[in-house]
Amino acid sequence: MSKLNIRSIKASEIELKERVVAINRVAKVVKGGRRFSFSAIVVVGDGNGVVGYGLGKANEVTDAIAKGIDDAKKNLVRVPMFKHTVPHSMEGKFSGGFVLIKPAAAGTGVIAGGAMRAVFESAGIKDVLAKSKGSSNPHNVVKATFDALSKMRDPLVVAQQRGISLQRVFNG
């Protein structure tokens with residue numbers, strides 16, 4: 001998790017919108033019967049390159065979502081974007097979850113599955129091609145997506161480091 005916080009941001013500085021990715025009901029068998037509790041994975045983002053995820057667990061769904069939102073605000077990262085898409089292709093992996101992310105032309109939209117779609121839309125990425133391989137568990141898919149996004153490099157920074165123009169970074 002420390003690897004994901006490379007570009008951390010304070011939640012109090014920005015307006016965040018939250019999206020619930022998945023809610024899981026867990027039953028614990030006790031002497032009197034079954035006792036249910038809930039876990040919720042939540043993605044928050046400002047729609048302008050800042051996004052985070054969190055997990056909340058509680059006996060009520062609303063409490064689990066509230067805890068997930070609080071946790072997500074602690075794990076915010078800035079995602080590099082170029083013309084409302086990702087700057088380059090990247091693969092991400094977490095446990096059994098494996099994702100492939102590619103930039104898309106303007107007007108393509110978000111071509112991605114449920115858990116990945118929530119991350120991209122919260123981050124403000126409007127055009128992207130993505131494929132989830134391996135585990136379809138939303139926890140693994142969200143964390144693998146964050147792994148891929150955190151490994152992305154900003155094209156302006158790359159151009160400055162190489163001492164070339166932004167146009168030459170993409171066209172060689």
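**A four-stranded sheet, its helices and its partner domain**

In this predicted model, helix 1 (residues 61–74) lies across strand 1, strand 2, strand 3 and strand 4, and runs at about 145 degrees to strand 3. Helix 3 (residues 138–151) packs on the sheet as well, where it touches strand 1, strand 2, strand 3 and strand 4. The direction of helix 3 makes about 155 degrees with that of strand 3.

The sheet beneath these contacts is a convenient place to begin a tour of the fold. It is open, has four strands in the order 1-2-3-4, and pairs them in the antiparallel sense. Strand 1 (17–30) and strand 4 (76–78) form the edges, each pairing on one side only. From one strand to the next, the twist averages 15 degrees.

Following the chain through the sheet, strand 1 is joined to strand 2 by a hairpin that passes through two residues. These two strands pair antiparallel over 13 bridges. One position to look for is Ile23, whose bridge partner in strand 2 is Ala40. Strand 2 (residues 33–45) is in turn joined to strand 3 (residues 50–58) by eight bridges, again with the strands running antiparallel. Here Val43 stands opposite Tyr53 of strand 3.

Stepping back to the whole protein chain, the secondary structure amounts to five helices and eight strands. Read from the N terminus, the elements follow the order β-β-β-α-β-β-β-β-α-β-α-α-α. The C-alpha trace spans about 70 × 35 × 30 Å along its principal axes.

The domain assignment divides the protein chain into domain 1 (17–77) and domain 2 (80–171). Taken over C-alpha atoms, the centres of domain 1 and domain 2 are separated by 24 Å. Their contact draws 17 residues from domain 1 and 14 residues from domain 2. Between them the two domains bury about 1300 Å², and 74% of this area is on carbon and sulfur atoms. On the domain 1 side, Arg19, Ile41 and Tyr53 lose the most area to domain 2, together accounting for 38% of what that side buries. Tyr53 is thus a residue to meet twice, since the same side chain's residue stands opposite Val43 in the strand pairing.

Polar features also cross this interface. Four residue pairs are in polar contact between domain 1 and domain 2, with both residues at pLDDT 80 or more. Strand 1, strand 2 and strand 3 each supply at least two residues of the domain 1 side that touches domain 2. Strand 3 gives the most to that side, with five residues.

Charged pairs complete the picture. Side chains of opposite charge can pair when their charged atoms come close. A search of the whole structure finds three salt bridges, and one salt bridge is found across the interface of domain 1 and domain 2. The side chains of Glu121 and Arg19 meet in a salt bridge, with an N to O distance of 2.1 Å. This pair links distant parts of the chain: Glu121 belongs to helix 2 (residues 114–123) and Arg19 to strand 1, 102 residues apart. Arg19 therefore deserves a second look in the structure above, as a salt-bridge partner of Glu121 and as one of the residues of domain 1 that lose the most area to domain 2.

Notes. Residues numbered from 1 in each chain as written. Heavy atoms only, no water. Pairing = 2+ DSSP bridges. Axes fitted to C-alpha atoms, helices over the stretch in contact; angles between N-to-C directions. Contact = heavy atoms within 4.5 Å. Domains from an automatic or database assignment. Buried area = accessible area lost by both parts, 1.4 Å probe. Salt bridge = Lys/Arg side-chain N within 4 Å of Asp/Glu carboxyl O. Polar contact = N/O pair within 3.5 Å; in protein donor to acceptor, adjacent residues only side chain to side chain.
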